[in-house]
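Student: I would like a close look at a single part of this model, followed by whatever pockets can be described alongside that part. Please take it slowly and keep the account connected.

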Amino acid sequence: MIGAIIGDIVGSRFEFVYDHHRDKNFALFAGGCTPTDDSFMTLAVAHALFIAKGDKAKLKEVIVPCMKAVAHDHPNTGWGGSFYKWLFKEENPKPYNSFGNGAGMRISPVGWVADSEAEVKALSQIVTEVSHNHPEGLKGAEAVAMAVYLARIGKDKKEIRARMQEYYPQLKDESFTIANIYGHYGYDIMGNWVTCQGSIPQALAAFLDSESFEDAIRNAVCIGGDSDTIGAMAGSIAEAYYGVPFEMEEKALSYLSYDLKSIYFAFDTIRKERVKK
């Protein structure tokens, strides 16, 4: 899940900064970079999976308390309005039919513990339906978790693309590439850039059109719009496919507080190994 954290941190200083066509040769870690709700909720999901250790009934019990615990320790991170209310103001929060891209940004740990596609789907639903129970929210989270899982077990990009086309048919369009998305994505009056359906296909393209882990992060951030979340989603898949350079992992971890690092290293004891290409 370090790929999601790196994508979030790198993208944080560019979130909603509209540059039309951002140069890919930017400094990855610079002033203004910080972990956001994307990193915090990814770590919360990882903590819940660590506690549950494969017990789905237990996961259902602990997922919301884990999210709330991390959030309450880190309240000032730019939480979305509806999710903020869900986290902080409701004692027993109920799902609110969301299809925001928060469903996809937090889900990557599922792809690191699942032993089968069926388990990816089951765990993804448990983690997601507590808040983002709209069909597009559930689909978006499952797509990202499945992409992470497929990359982790050694599937090539051709197969990953084919499977992701089942979720998002626009990936069948040969013109749906990073080169064509640059400069044509960002703000719109409907707010699609913060939905699953309006940002997960773009994050998938950032990974599919990349040449390395770092290139995937740069692709994602250069798309524009919700850069930290798109970076988190693309980075999570790229990690499972390419691995992450040690120096980048160490740099990203330096941004995390002790409690968050503890979750990260605890999860490391239960996550499955990736098939190296």
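Tutor: In this predicted model, the buried residues of helix α12 are Phe213, Asp215, Ala216, Ile217, Arg218, Asn219, Ala220, Val221, Cys222 and Ile223. Because these make up ten of the eleven residues in the helix, which runs over residues 213-223, α12 is largely enclosed by the rest of the structure. The cover over the buried residues of α12 includes α1 (2-12), α10 (178-181) and α11 (196-208), together with α13 (227-242) and α14 (246-253). Just beyond the end of α12 comes Gly224, whose phi is positive, at about 95 degrees.

One of the helices covering α12, namely α13, leads on to the pockets. The largest pocket has a volume of about 500 Å³, and among its 27 lining residues those closest to the centre are Asp37, Gly80, Phe83, Asn101 and Gly102. Two or more lining residues come from each of α2 (37-52), α4 (81-88), α5 (102-105) and α13, with α4 giving the most, three residues. By class, the lining of this largest pocket comprises seven nonpolar, 14 polar and six charged residues.

The second largest pocket has a volume of about 250 Å³, and its lining consists of Ile2, Trp112, Glu239, Gly243, Val244, Glu249, Tyr264, Asp268, Arg271, Glu273, Arg274 and Lys276. Sorted in the same manner, the lining of the second largest pocket holds seven charged residues, four nonpolar and one polar.

Note on methods
Residues numbered from 1 in each chain as written. Predicted model: local features only at pLDDT ≥ 70, side-chain atom pairs only at ≥ 80, totals over all residues. Heavy atoms only, no water. Buried < 20%, exposed > 50% of the residue type's maximum accessible area, 1.4 Å probe, protein only. Helix = DSSP H or I, 4+ residues; strand = E, 2+ residues; numbered from the N terminus. Contact = heavy atoms within 4.5 Å. 1 Å grid on protein atoms, 1.4 Å probe; cavity = no way out; pocket = protein on both sides within 12 Å on 5 of 7 lines; lining within 4 Å. Points joined across faces, edges and corners; volume = space filled by probe spheres on them. Nonpolar A, V, L, I, M, F, W, Y, C, P; charged D, E, K, R; others polar.
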